[in-house]
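User: I'd like to learn how to read a fold like this one. Could you take me through it feature by feature?

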Amino acid sequence: MRLLILGGTVFLGRHVAAEALARGHEVTVFHRGRHGNELFAGQAEHLIGDRGSDLSELEGGRWDAAVDTSGYQPADVAASSALLAAAGVEHLAFVSTCNVYPGWPAEPVSEETPVWTEGDDYGPNKAASEREAEAALPGRVAALRAGLLCGPHDNVFRLPWWVQRIARGGDVLAPGDPDRHVQLIDARDLARWIVDLGERREAGVYNATSPPGRTTMREVLEATVGATGSDAELTWVPDEALVAAEAGAWVEVPLWLPEAEGPGTWRVAAARAEASGLRCRPIAETVADVWAWLEAGGAEAEGPDWLSPHAATGMSPERERELLAATAAR
């Protein structure tokens, strides 16, 4: 299979390329040349361009399938998808997001839940991009509404932040209810399934995340203690205490959102993807591999400006002690 990846050098796309190459497929990655120019040397073809302004490198190409990991603006997706149609692409995996659902994370969602039809923000733009891809390649698009991705080379850095923090040891603020379920999916598992879909030319709409109820926050953090071998002691701080202390969800306290603000956060129906073959490895395996990546250099080894602008910053040591003290005072 001749596979084109729009992206392919940072996180999910990188894992898709590695998986496809391991199966013997011919891989082309189209990217801006800012990162990963040395990846897959002698194995994959690199085309340099900018999907927002210069798609000339895609003109005249021929591919059997494509994966779009970097489509955020509907006009850009419309332009690239038209070129894919001209290139004979029989299947496009468009990586979307659960943010296409206006009701999420306030409520649980399934593939039948209505999506945004207007607006100019991340979720509405992703929903419009899905429609543009389908218009250009009718019946050939798998719209994959991804959940929270993690694993090695994670440039959004939510799970890696926790692994780094717990590795330092000491008294660790653990957020919310320890038995609250979370839906994390290893990007390598998603990548494997994406290549499966391309090989089968399987289209449709899927929530691309792990099954709800599979993993708890306690299991995530305790697996991290075990993987890093640290002396960390987890101190569980309830939602109400963190809210009272004005703790910042997602960015300051990665992977945490108060249950009252997002009761549907980790209740995304994923049975359709599971029935189609998406399989998720144990969180302990993902955590161990993230730790190995961090020990090998992590984000620092990836080069300048590699982290996403939306990457988690996490709590400073001073802020963490402040939050723990405020909790103890309550």
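Analyst: Happy to. Let's begin with one residue: cysteine 150 has a relative accessibility of 1%, so it counts as buried. Keep in mind that this is a predicted model.

User: Is cysteine 150 close enough to another cysteine sulfur for a bond, or too far?

Analyst: The general idea is that a disulfide is a covalent bond between the sulfur atoms of two cysteines. Here, the closest cysteine sulfur to that of cysteine 150 belongs to cysteine 280, at 9.2 Å, so the pair is too far apart for a bond. Cysteine 98 is buried as well, with a relative accessible area of 3%. Its closest cysteine sulfur is also in cysteine 280, 13 Å away, and that is too far for a bond. With a cut-off of 2.5 Å between sulfurs, the model has zero disulfides.

User: Okay, on to the sheet. In what order do the strands come, and what is the pairing?

Analyst: In general, strands of a sheet pair through backbone hydrogen bonds, either parallel or antiparallel. In this model seven strands make an open sheet with parallel pairing, and the order is E3-E2-E1-E4-E5-E6-E11. Strand E3 (45-48) and strand E11 (204-208) are the edges, each pairing on one side only. From one strand to the next, the twist averages 20°.

User: Which helix packs on the sheet, and which strands does it touch?

Analyst: That's helix H1 (residues 12-22), which touches E1, E2, strand E4 (65-68) and strand E5 (91-97). The direction of H1 makes about 170° with that of E1.

User: How many bridges hold E1 and E2 together?

Analyst: Five, with strand E1 (residues 2-6) and E2 pairing in the parallel sense. One register to look up is arginine 2, whose bridge partner in E2 is glutamate 26. Strand E2 (residues 26-31) also holds threonine 28, which counts as buried because its relative accessibility is 5%. Beyond its neighbours within four places in sequence, threonine 28 contacts Leu3, Leu4, Ile5, Glu45, Leu47 and Trp63.

User: And E5: how many of its residues are buried?

Analyst: Seven of its seven, so to read it you look at both faces. His91, Ala93, Val95 and Thr97 point one way, Leu92, Phe94 and Ser96 the other, and all are buried. E5 runs parallel to E4, joined by four bridges; in one of the pairings, valine 67 has alanine 93 of E5 as its bridge partner.

User: What about the nonpolar cores? Which residues touch the most other members of the largest one?

Analyst: The general idea: in soluble globular proteins, nonpolar side chains tend to be buried together. Here the largest core has 39 residues, and Trp162 and Leu184 touch the most other members. Several elements supply at least two residues each, including strand E7 (148-150), helix H4 (158-168) and helix H11 (317-329). H9 gives the most, with six residues. Sequence neighbours within four places aside, leucine 184 contacts Leu148, Cys150, Ser210, Val220, Leu255, Trp266 and Ile283. There is also a second, separate core of 34 residues, with Val16, Ala17, Ile194 and Leu197 among them.

User: Last one: how far does H6 reach, and which of its residues are buried?

Analyst: Helix H6 (residues 217-228) reaches 17 Å from its first C-alpha to its last, close to the 16 Å expected for its 12 residues. Its buried residues are Met217, Val220, Leu221, Ala223, Thr224, Val225 and Thr228. Just after H6, glycine 229 takes a positive phi of about 65°.

Conventions
Residues are numbered from 1 along each chain as its sequence is written. This is a predicted model: local features need pLDDT of at least 70, side-chain atom pairs count only at pLDDT 80 or more; totals for chains, interfaces and linings use all residues. Side-chain values use heavy atoms; hydrogens and water are left out. The expected span of a helix is 1.5 Å times one less than its number of residues. Buried means under 20% relative accessible area, exposed over 50%, partly exposed in between (1.4 Å probe, protein chains only). Contact means heavy atoms within 4.5 Å. Two strands pair if DSSP finds at least two bridges between them. Axes are lines fitted to C-alpha atoms, for helices over the stretch in contact, and angles run from 0 to 180 degrees between N-to-C directions. A nonpolar core is a set of buried Ala, Val, Leu, Ile, Met, Phe, Trp, Tyr and Cys residues joined through side-chain atoms within 4.5 Å.
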